[in-house]
Amino acid sequence: MIQIAPSMLAADFLHLGRDVEMVNKNADLFHLDIMDGTFVPNISYGFPVVEAIAKVARKPLDVHLMIVHPEKYIERFARIGVSMLSFHLNATDKPAQALLHIRETGMKAGLVINPDMPVESLYPYLHLCDYIILMSVYAGFGGQKFIEDIYDRIRTLKKEIDRLGLSVKIEVDGGVSPVNSKPLIEAGAEILVAGSSVFNSDSPADVISAMRG
Ligand code: DX5
Ligand code: ZN
C-alpha cells in the first residue's frame with residue numbers, strides 16, 4: 001500500500017491549521033523537513049512548529065533531518081511523539097549508532113542520501129533501517145526539478161533489500177507529482193513525499209488521490 005507524505009515546507013504557515021487538517025483527512029504521513037543552514041544552505045523551521053503540528057496530527061510524523069549532529073536531537077523528537085526519524089548518511093560519522101538509538105526510542109529509523117551518493121553506500125546499514133529516503137532533488141529546498149535517474153536507483157536498492165530478505169521501505173523525496181508517481185511506485189517506491197505539487201494546487205486532495213495511482 002503506497003503512502004503519501006505531504007511536505008509541510010510547502011504549506012501556508014499563516015493557515016497551518018487548515019493545511020494540517022487537509023493532511024489528516026487525505027494523506028498518510030506528515031513529512032517535516034528540518035534544515036539548519038549548515039548541512040544544507042537553507043533554514044526551515046524547528047521544534048515549535050513540529051510540536052504544534054504534533055498536537056493536532058492524526059497521521060504519523062515523518063521527520064527528515066538535514067542538520068549536522070543529528071544524534072544530538074533524537075531523544076527530543078521522540079518526546080514530541082515523532083514516529084519516523086531520518087538523517088543523511090554523510091551528516092554523522094556514527095550512522096549505525098544513531099540508527100540504533102532511534103530504534104531504541106521506539107521510532108522508525110531512516111537513512112537519506114542525495115542523488116550523487118551511490119545507493120551501495122547504504123548497504124552496510126540496511127539491517128538497521130526501517131526505511132530509506134532516496135532524494136530525487138538535492139536536499140535543501142522545496143520546488144526543485146525532479147531528477148530522472150531515481151528510477152534505476154530505486155530498482156537497484158529494492159533488489160538488495162529483497163536479496164537480504166529485509167522489509168525496508170523506500171521513500172522518494174523531491175519533485176514528486178502525479179506525473180511521476182506511477183513509475184516511482186512501479187520501480188519500488190512505497191512512500192512518496194510531495195510538497196509543491198500538493199500545496200500549490202487548488203485541490204490538494206485530488207493531487208494526493210491521483211498519486212495513489
Ligand atoms: C527538500 C525536502 C523535500 C521538499 C519536497 O530538501 O527534503 O521534502 O520539501 O518538496 P517538493 O515536493 O516541492 O520538491
Ligand atoms: Zn524531505
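**Exercise 1.** How many nonpolar, polar and charged residues does the lining of the largest pocket have, by class?

*Solution.* The model is a predicted one. Start with the space itself: the largest pocket holds about 260 Å³. Next, look at what surrounds this space. The pocket is lined by 25 residues, and Phe141, Gly142, Gly143, Asp173 and Gly174 are the closest to its centre. Strand 2, strand 3, strand 8 and helix 7 (196-199) each give two or more residues to this lining. Sorted by class, the lining has 12 nonpolar, 11 polar and two charged residues. Gly counts as polar in this sorting.

**Exercise 2.** Find what takes up the largest pocket, and describe its surroundings.

*Solution.* The largest pocket is the space taken by ligand 1. Around ligand 1 there are 20 residues, of which Gly140, Asp173, Gly175, Gly195 and Ser196 come nearest. Now assign the shell to elements. Strand 2 (30-35), strand 3 (61-66) and strand 8 (191-194) are the elements that give two or more residues to the shell. The most comes from strand 2, which gives three residues. By class, the shell around ligand 1 divides into eight nonpolar, 10 polar and two charged residues.

**Exercise 3.** Which polar side-chain atom lies 2.7 Å from an oxygen atom of ligand 1? Add the backbone contacts and the cover given by the protein.

*Solution.* Use a cut-off of 3.5 Å between N or O atoms for a polar contact. The side-chain atom belongs to Asp173, and its distance to an oxygen atom of ligand 1 is 2.7 Å. Then turn to the backbone. A polar backbone atom of Gly143 is 2.8 Å from an oxygen atom of ligand 1. For Gly175, a backbone N or O atom lies 2.8 Å from an oxygen atom of the ligand. Last, take the cover: on its own, ligand 1 has 380 Å² of accessible area, and the protein covers 99% of it.

Note on methods. Residues numbered from 1 in each chain as written. Chains lettered and ligands numbered in written order. Predicted model: local features only at pLDDT ≥ 70, side-chain atom pairs only at ≥ 80, totals over all residues. Heavy atoms only, no water. Near = heavy atom within 4 Å. Polar contact = N/O pair within 3.5 Å; in protein donor to acceptor, adjacent residues only side chain to side chain. Areas by Shrake-Rupley, 256 points an atom, 1.4 Å probe, with all protein chains shown as cover. 1 Å grid on protein atoms, 1.4 Å probe; cavity = no way out; pocket = protein on both sides within 12 Å on 5 of 7 lines; lining within 4 Å. Sits in = over half its atoms within 2 Å of the grid points. Helix = DSSP H or I, 4+ residues; strand = E, 2+ residues; numbered from the N terminus. Points joined across faces, edges and corners; volume = space filled by probe spheres on them.
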